[in-house]
Amino acid sequence: MKTDYLDVVQFHSSPSRQSLEEHGALEALLELKEAGKVRFIGMSGNIAPSDGPHCHGCFDVFQIPYSAVER
């Protein structure tokens, strides 16, 4: 791929804030983003961005479920 960075790194399954902070995962990704090794940090899951356990401004990308069958 000849690149020095990852475009997006995502946490999956709507992790709790405690889970994100417990082992320093969020802090590590924020440091990698600051160093230019990660461009965007994201979260996927069943929560809307305004309802989630995320820190304000930490996440750039939210992948939420979308289904025409299950609204």
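Five bridges join β1 to β2, and these two strands run parallel. One of the pairings places Leu-6 opposite Val-38, its bridge partner in β2. The model in which this pairing appears is a predicted one, and the description below should be taken in that light.

The two strands belong to an open sheet of three strands, ordered β1-β2-β3 and paired in parallel fashion. Because β1 and β3 stand at the edges with a single partner strand each, one side of each is left without a neighbour in the sheet. From one strand to the next, the twist averages 30°.

Along the protein chain, from the N terminus on, the elements follow the order β-α-α-β-β, which comes to two helices and three strands. Their residue ranges are set out here.

| Element | Residues |
|---|---|
| β1 | 6–11 |
| α1 | 17–22 |
| α2 | 25–34 |
| β2 | 38–44 |
| β3 | 61–63 |

Helix α2 lies across β1 and β2, and its direction makes an angle of about 150° with that of β2.

The largest nonpolar core has 10 residues, namely Val-9, Phe-11, Leu-20, Leu-26, Leu-29, Val-38, Ile-41, Met-43, Cys-58 and Phe-59. Two or more of these residues come from each of β1, α2 and β2, and the largest share, three residues, is supplied by β2. In soluble globular proteins, nonpolar side chains tend to be buried together. Val-38 thus appears both as a member of this core and as the bridge partner of Leu-6.

Which residues does Leu-20 contact, once its neighbours within four places in sequence are left aside? The contacts of Leu-20 are with Phe-11, Pro-15, Ala-25, Leu-26, Met-43 and Phe-59, and of these Phe-11, Leu-26, Met-43 and Phe-59 are, like Leu-20, listed in the core.

Over the protein chain, which has 71 residues, buried residues make up 24%. Of the contacts between residues at least 6 apart in sequence, 56% join residues at least 24 apart. The chain exposes about 5400 Å², of which carbon and sulfur atoms supply 51%.

As to confidence, the protein chain averages a pLDDT of 82, and 86% of the residues score at least 70. Confidence is highest in β1, at 94, and lowest in helix α1, at a mean of 78. Where pLDDT is low, the predicted coordinates should not be read in detail.

Conventions. Residues numbered from 1 in each chain as written. Predicted model: local features only at pLDDT ≥ 70, side-chain atom pairs only at ≥ 80, totals over all residues. Heavy atoms only, no water. Core = buried A, V, L, I, M, F, W, Y, C linked by side-chain atoms within 4.5 Å. Buried < 20%, exposed > 50% of the residue type's maximum accessible area, 1.4 Å probe, protein only. Helix = DSSP H or I, 4+ residues; strand = E, 2+ residues; numbered from the N terminus. Contact = heavy atoms within 4.5 Å. Areas by Shrake-Rupley, 256 points an atom, 1.4 Å probe, with all protein chains shown as cover. Pairing = 2+ DSSP bridges. Axes fitted to C-alpha atoms, helices over the stretch in contact; angles between N-to-C directions. pLDDT = per-residue confidence, 0-100.
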